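Here are a few notes to read with the model open beside you. Take them one at a time and find each spot as you go.

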Amino acid sequence: MDSINNKLPSIKQLQCFLAVAQELNFRRAAERLHMTQPPLTRHIKCLEATLGCDLFTRNTHEVHLTDNGLILVEKATYLINEFTLLMRKIKNEEAYLRIGLTSTLNFNNISALRNKIKALMVGDEIDTQHLVSSQLLHFLSKDKMDLVIIGEQSLHNEYDFQFYWLYREPLLLAMPSSHPGSLKEKVSLTDVSDLPLFWFSRNANPVFYDKCENYFQQLPFLLKRCKEPDDSLVMLSSISRGKGMALMPRSMCIANQQGLCYRELDEVAAQSLNIDVYAAIRKSETREIVINNLNSLLNKKGV
């Protein structure tokens, strides 16, 4: 096999691809990569041209991975992680930190954590990825991340993690502004019992799913559910038209549409419907940079 191939994808193209694959939204992916949307789109089109296949199906409202796109997610993640490890070995840098942040939350909108997390990101020796919690813990277990910030603890006892509680993120109710319940400052689910809840599958986050379901089972009525779309903007558009409601992390309630509003939950519901945010490292972790940065998140003195 010819080791010099000018038609291979670039690292930048793979990074752009993974950002879109994780967000399923070109605008949010561009924001994550600190670039505008047109060059991001060009990188994706060049990558598709190089590979000779479509990686996404997309229209004005939705983005989905094709079968080839799903295959490339695993391969591209592996390649970028291996390349990162190689750079660490070449540079022989002990002062290198790989941080993972859950993509479920917008930490820029969480005052209790925003500055602490920004402090971790200083320097070229920091590598950051935004993924769902289950993916972050998987990479942590495989020694491909050093410190992750996730929503809820893991159920997987086989992984030797140490969890540290950081913050409790409230959930808000995204609902139609035309609904009578929107007139209340704080809403109970009984107030909106006629609306179906956009909901996700348990395997996405079992602990959070079970926490919410335990509360739903205590309601004096059967809560109707409908499948949550992959694109949150599609879901919010449906809600603005009166098609349902959704429980969303407060830090993610930033999209404004006519017909859509966000309301706090009443005190009883808020006690159960929330996201506990944790930092996690491997129990075997001994590197000073990891321990010191964990301690800074916990407001403890470093080693």
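1. Start with Leu173, which sits opposite Arg263 of strand S11. Keep in mind as you look that this is a predicted model. The two strands involved are S6, covering residues 161-176, and S11, covering residues 260-265. They pair in the antiparallel sense, with five bridges between them.

2. Now stay on S11 and look for strand S7, residues 186-187. How do S7 and S11 run, parallel or antiparallel? They run parallel, and two bridges join them. One bridge to find by eye has Val187 facing its partner Leu265 in S11. So S11 pairs with S6 in the antiparallel sense and with S7 in the parallel sense. While you're there, a handy rule for looking at strands: side chains in a regular strand alternate between the two faces of the sheet.

3. Next, zoom out. The chain splits into domain 1 (11-91), domain 2 (99-168 + 276-298) and domain 3 (171-273). Notice that domain 2 is written as two stretches of the chain. Between the centres of domain 1 and domain 3, taken over C-alpha atoms, there are 30 Å. Where these domains touch, domain 1 brings seven residues and domain 3 brings five.

4. How much area is buried between domain 1 and domain 3? It comes to about 530 Å², and carbon and sulfur atoms give 46% of that. On the domain 1 side, the residues that lose the most area to domain 3 are Leu24, Arg28 and His61, together 52% of what that side buries.

5. What about charges and polar groups at this contact? Between domain 1 and domain 3 there are zero salt bridges, but two residue pairs are in polar contact. The domain 1 side that touches domain 3 has three charged, three polar and one nonpolar residue.

6. Finally, the structure as a whole holds 17 salt bridges. One to look up joins the side chains of Arg287 and Asp146, at 3.4 Å from N to O. These two are 141 residues apart in the chain. Arg287 lies in the loop between strand S12 (274-282) and helix H10 (288-297), while Asp146 is in the loop between helix H6 (133-141) and strand S5 (147-151).

Notes. Residues are numbered from 1 along each chain as its sequence is written. This is a predicted model: local features need pLDDT of at least 70, side-chain atom pairs count only at pLDDT 80 or more; totals for chains, interfaces and linings use all residues. Side-chain values use heavy atoms; hydrogens and water are left out. Domain bounds come from an automatic or database domain assignment. Contact means heavy atoms within 4.5 Å. Buried area is the accessible area (1.4 Å probe) that two parts lose on being put together, summed over both. A salt bridge is a side-chain nitrogen of Lys or Arg within 4 Å of a carboxyl oxygen of Asp or Glu. A polar contact is a pair of N or O atoms within 3.5 Å; within protein, one must be able to donate a hydrogen and the other to accept it, and residues adjacent in sequence count only if both atoms are side-chain atoms. Ala, Val, Leu, Ile, Met, Phe, Trp, Tyr, Cys and Pro count as nonpolar, Asp, Glu, Lys and Arg as charged, and the others, Gly among them, as polar. Two strands pair if DSSP finds at least two bridges between them. Helices (H or I, at least four residues) and strands (E, at least two) are DSSP runs, numbered from the N terminus.
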